[in-house]
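Dear colleague,

I am passing on the structure we spoke about, together with some notes on what turned up in it. Please read the notes with the coordinates open beside you.

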Amino acid sequence: MMKRILITGGAEAIQSKMKFKKKILCIGAGYVGGPSMAMIAYKCPDYRVTVVDVNPDRIDAWNSAQLPVYEPGLDKIVKKTRGKNLFFTKDIENQIKENDIIFVSVNTPIKTYGAGADMAADLQYWEKTARQILKHSRSSKIVIEKSTLPVKTALAMGKILASAKGKIKFEILSNPEFMAEGTAISDLENPDRVLIGSYETKSGLKARAELIEIYARWIPPEKIITSNIWSSELSKLVANAFLAQRVSSINSISALCEKTDADISEVARAVGMDNRIGDKFLNAGIGFGGSCFKKDMLNLVYLCSYYGLQEVAAYWKSVVNINEYQQERFIANILDRMFGTLAGKKICILGFAFKANTSDTRESPAIYISQKLLAEQAQVIISDPKALKNAAMDLSGIKGNVKYIEDPYRAAAGCHALVILTDWDLYQKLDFQKIYSAMVKPAFLFDGRNIIDHKKCFAIGFNVYPIGKPALSHFKN
Ligand code: UDX
Ligand code: ADP
């Protein structure tokens with residue numbers, strides 16, 4: 001189906017001649033670049049914000065009625081700003097020439113080759129972007145790292161950009177984005193903090209002040225904090241590492257709960273009520289996914305090993321190990337409870353996104369779990385309200401019998417087991433009696449997110465297996 005392109009080149013050209021107080025460019029129109037620039041445009045109607053990307057389909061999608069990322073509230077602010085002071089375009093070269101403030105939010109996946117493979121960040125996209133900026137710039141610019149990057153990337157960027165000819169100077173800032181997917185718009189509108197790292201030179205401080213001016217339009221001054229550039233780069237990795245560590249900590253205890261009949265929700269509640277610990281990020285489940293946690297953890301591990309801090313590297317690596325262990329445990333439990341064989345059995349996966357309220361499936365535990373179920377020769381039916389297109393891409397090329405059905409009732413009909421992998425609200429509201437009636441008996445329910453009423457489902461007839469809680473089974477030992 002053809003997407004309707006709403007913005008024409010003409011409108012863009014007219015707008016570019018209009019007077020705007022600041023002209024801002026973002027290179028990279030992904031999950032970070034798109035929403036964060038939409039928020040700046042929304043809060044600063046007198047600034048012109050342009051977003052470019054090497055992927056022309058991405059730009060077309062940003063200009064269409066079907067945005068390339070699903071994010072609650074994003075449509076509304078894009079509709080209000082697009083074509084007025086927010087533009088998505090493919091013309092990278094001219095936009096670099098025209099704008100003086102350039103955010104960079106290109107992807108930084110884990111390296112899959114050469115030195116540091118499976119650990120270090122792949123900085124090729126960053127380096128290409130730096131070279132593009134260098135090649136096309138005709139005036140001095142502020143270049144802002146927005147993607148999460150290994151510490152000292154700014155230094156490397158600076159070295160590339162320092163080879164500029166004549167009077168052109170580039171000032172590099174680090175401004176890591178802390179928003180989480182699914183809540184990006186409220187996180188951007190009301191962040192816990194905005195962090196700006198700069199060099200502490202006269203020109204560095206001037207560039208920093210320029211960026212502060214943008215955020216100060218809607219963020220209270222006490223929430224805009226500054227630091228040196230390396231502290232800023234490291235803070236982003238460490239914030240994600242601490243969050244991931246909490247998830248692995250509670251997941252490790254969920255394994256102990258299953259051995260001892262303790263209940264992980266009761267333990268998390270009691271522990272989280274200590275206000276030194278706090279109650280957030282204590283939901284046990286199938287492990288963390290998403291494009292950031294694993295990548296940032298591995299970056300941190302690589303950085304520590306590089307500096308010879310083997311004990312520190314091993315400490316943070318164990319957070320990733322527990323995440324993998326949690327997924328293995330979950331799969332082993334399914335196999336064990338279903339009498340040691342899944343061959344030919346139909347398994348309905350409810351939820352493929354790495355968390356609720358996003359279409360993003362990057363590093364989603366559902367990818368690995370589906371692959372393992374397919375390897376056991378199960379027939380897998382995947383349901384998700386927003387992520388089926390990505391799920392189909394993730395599993396393309398994987399051998400096995402897999403179907404994609406959005407409607408959870410149709411997806412579950414005729415299945416032997418339900419496996420909940422994403423914490424979508426809608427799964428709590430399902431009519432489990434209706435689902436049970438249409439399933440093969442005995443019916444199994446594996447709740448990888450502990451989000452549904454287990455006792456109620458047990459009473460309906462399901463054999464229920466939560467995470468870190470006693471199983472509710474109708475089988476006699
Ligand atoms: C994370 C950081 O939260 C954000 O600050 C940063 O900018 C990007 O990385 P994101 O990956 O979008 O954001 O989602 P987040 O809410 O942190 O969840 C990450 C993963 O942890 C998800 O798979 C989620 O399901 C899982 N999680 C989270 C749990 O399993 N239990 C919890 O209690 C919380
Ligand atoms: P994130 O979650 O960090 O935003 P995404 O993968 O969603 O990551 O988005 C990064 C975007 O950056 C992609 O759309 C990709 O096409 C784009 N990109 C990568 N390299 C370049 C480049 N040199 N110039 C412009 N865009 C780029």
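A residue is called buried here if 20 or more other C-beta atoms lie within 10 Å of its own, exposed if 12 or fewer do, and partly exposed in between, with C-beta atoms placed from the backbone. On that basis, 46% of the 477 residues of the protein chain count as buried. This is a predicted model, in which local features need pLDDT of at least 70 and side-chain atom pairs count only at pLDDT 80 or more, while totals for chains, interfaces and linings use all residues. Residues are numbered from 1 along each chain as its sequence is written, and chains are lettered from A and ligands numbered from 1 in the order in which they are written.

The protein chain has 19 helices and 14 strands, these being DSSP runs (H or I of at least four residues for helices, E of at least two for strands) numbered from the N terminus. Its radius of gyration over C-alpha atoms is 24 Å, which agrees with the value near 23 Å for a compact globule of 477 residues, the rule being 2.2 Å times the number of residues to the power 0.38.

An automatic or database assignment gives domain 1 (9-219), domain 2 (237-323) and domain 3 (326-465). The centres of domain 1 and domain 2, taken over C-alpha atoms, are 30 Å apart. Eleven residues from domain 1 and eleven residues from domain 2 take part in their contact, where contact means C-beta atoms, placed from the backbone, within 7 Å.

The largest nonpolar core (buried Ala, Val, Leu, Ile, Met, Phe, Trp, Tyr and Cys residues joined through C-beta atoms within 7 Å) has 83 residues, and I102 and V143 have the most contacts inside it. At least three residues of this core come from each of domain 1 and domain 2. Leaving aside neighbours within four places in sequence, V143 is in contact with I102, V104, I133, M157, L161, F170 and I172. Apart from this core lies another, of 49 residues, including L342, I347, V402 and A417.

Around ligand 2 there are 22 residues, of which G28, G30, Y31, V32 and V106 are the closest; a residue is near a molecule if its C-beta atom, placed from the backbone, lies within 6 Å of it. Helix α6 (residues 124-136) gives the most to this shell, with four residues.

With best wishes

Key
Contact = placed C-beta atoms within 7 Å.
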